[in-house]
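Hi everyone, thanks for making time this morning. I'd like to walk you through a few side-chain details, so let me put the sequence and structure up.

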Amino acid sequence: PNGTFTPPANCTMTLTQTNSAYSLQVRHGNTFNFDSLGRLTNIVDQYTQPLKVTYLNSTSSLPYQVTDWKSRVLTFNYTGSRLTSVSDGTRTVSYA
């Protein structure tokens, strides 16, 4: 890629690059931020309330935790690359 972005016709999204990271802002104010590996790192809504995504490690594409602006956390567990459970610290949903 040459670093340029041409949105589709009638598209109301804006993609910007800062160093090796990208931000996609949609019409109603949500901003999706991506790291240099193309992984979603956070979503900030129109009220500037963030949702943060962390990954198993610095090169993994598998999300480990999602934390909202009230510090509520979902933790994802895997066997290999297969999702086996999701927990909010109180409740856990497991997948067979």
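A quick definition to begin: a strand here is a DSSP run of E with at least two residues, numbered from the N terminus. Please keep in mind that this is a predicted model.

With that in hand, look at strand 4, which covers residues 40-44 and includes L40. Is L40 buried, exposed or in between? Its relative accessible area is 24%, so L40 counts as partly exposed. Setting aside neighbours within four places in sequence, L40 touches F32, N33, F34, V53 and Y55. Twelve residues along the chain from L40 we find K52, and the two C-alpha atoms are 8.7 Å apart.

Now to R39. The charged end of R39 sits over the ring of Y55, 4.5 Å from the ring centre. R39 also has a salt bridge with D35, at 2.8 Å from N to O. Both partners are buried: R39 has 14% relative accessibility, and D35 has 16%.

How many salt bridges are there? The count is three. Besides the one I just showed, R72 pairs with D68, with the closest N and O atoms 2.6 Å apart. D68 is buried as well, at 15%. Then R91 pairs with D88, and there the closest N and O atoms are 2.5 Å apart. In that bridge R91 is exposed at 60%, while D88 is partly exposed at 29%.

And for those of you who like ring pairs: the count of aromatic pairs is zero. Thanks, everyone, and I'm happy to rotate the view.

How values were computed. Residues numbered from 1 in each chain as written. Predicted model: local features only at pLDDT ≥ 70, side-chain atom pairs only at ≥ 80, totals over all residues. Heavy atoms only, no water. Phe/Tyr/Trp six-rings, centres within 6.5 Å; stacked < 30°, edge-to-face > 60°. Lys NZ or Arg CZ within 6 Å of the ring centre and 35° of its normal. Helix = DSSP H or I, 4+ residues; strand = E, 2+ residues; numbered from the N terminus. Buried < 20%, exposed > 50% of the residue type's maximum accessible area, 1.4 Å probe, protein only. Contact = heavy atoms within 4.5 Å. Salt bridge = Lys/Arg side-chain N within 4 Å of Asp/Glu carboxyl O.
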